[in-house]
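Some remarks on the model follow, as numbered points. They begin with the cysteines and then turn to the chain as a whole.

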Amino acid sequence: VYKDLGNYQEAKTLLEEALKYYTAFYGNKHTKTAWLSVNLACVYRNLGNSDQAIKLLEVAAKIYEQNTPKNCLENAWTLGHIGATYIDLDNLEKAEHALNKSLEMYAKLVDKDNMALGWIYYHLGRLYIKQGQMDKARNMLNKSLDTHTKNYGANNLKTQKVVNTISSMKL
């Protein structure tokens, strides 16, 4: 709840405490521990600590790889977060690899209008902007905008974030 409300410091405190309990109860290689780690990584990323976030995400990805089917939502979700975080860290090669793997998995697992795909399209658009591939960026961002609009409506803040990203692109 605190993460969704933007109170990242409080979310960080609570998630770090919960991770201690999850690790003690489930162990450090359980998918429930991985799930909590991904959520904590998102908070670290929102607090500007992408280095700590990527450490948690990489561990979670290994847990999911070892304990879930190859193409499952948890793997796709974690890889999407890894890709978004690597964009923040300017490791664009790793970002592209993770986002494309996530996209490939999601495409097999969810409906074409699912927001998970819209989210991946958005981050691929961000990636392509950083790589200077504006046509590819525009294509991904337009797909993201379409998905966001279908799911949230045109006036939603998440949809407007995509609109603002498109608007800020150099022509």
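1. In this predicted model, the cysteine sulfur closest to that of C42 belongs to C72 and is 16 Å away, too far for a bond. The reverse also holds: for C72 the closest cysteine sulfur is that of C42, at 16 Å, which is again too far. A disulfide would need the two sulfur atoms within 2.5 Å. A search of the whole structure accordingly gives zero disulfides.

2. Are these cysteines buried or exposed? C42 has a relative accessible area of 10% and is buried. C72 is buried as well, with 8% relative accessibility. The cut-off behind both assignments is under 20% relative accessible area.

3. The secondary structure consists of eight helices and zero strands. Read from the N terminus, the order of elements is α-α-α-α-α-α-α-α. The chain is as compact as a globular protein of its length, because its radius of gyration of 16 Å is close to the 16 Å that the globule rule gives for 171 residues.

4. The C-alpha trace spans about 50 × 35 × 30 Å along its principal axes. Of the contacts with a separation of 6 or more, 56% are between residues 24 or more positions apart.

5. Buried residues account for 41% of the 171 residues. The exposed area of the chain is about 9500 Å², and 51% of that area comes from carbon and sulfur atoms.

6. On charge, the chain has 22 positive and 17 negative charges, and the mean positions of the two sets are 1 Å apart.

Methods:
Residues numbered from 1 in each chain as written. Predicted model: local features only at pLDDT ≥ 70, side-chain atom pairs only at ≥ 80, totals over all residues. Heavy atoms only, no water. Helix = DSSP H or I, 4+ residues; strand = E, 2+ residues; numbered from the N terminus. Rg over C-alpha atoms; globule rule 2.2 N^0.38 Å. Buried < 20%, exposed > 50% of the residue type's maximum accessible area, 1.4 Å probe, protein only. Contact = heavy atoms within 4.5 Å. Areas by Shrake-Rupley, 256 points an atom, 1.4 Å probe, with all protein chains shown as cover. Lys, Arg positive; Asp, Glu negative; His and termini not counted. Charge placed at Lys NZ, Arg CZ, Asp CG, Glu CD.
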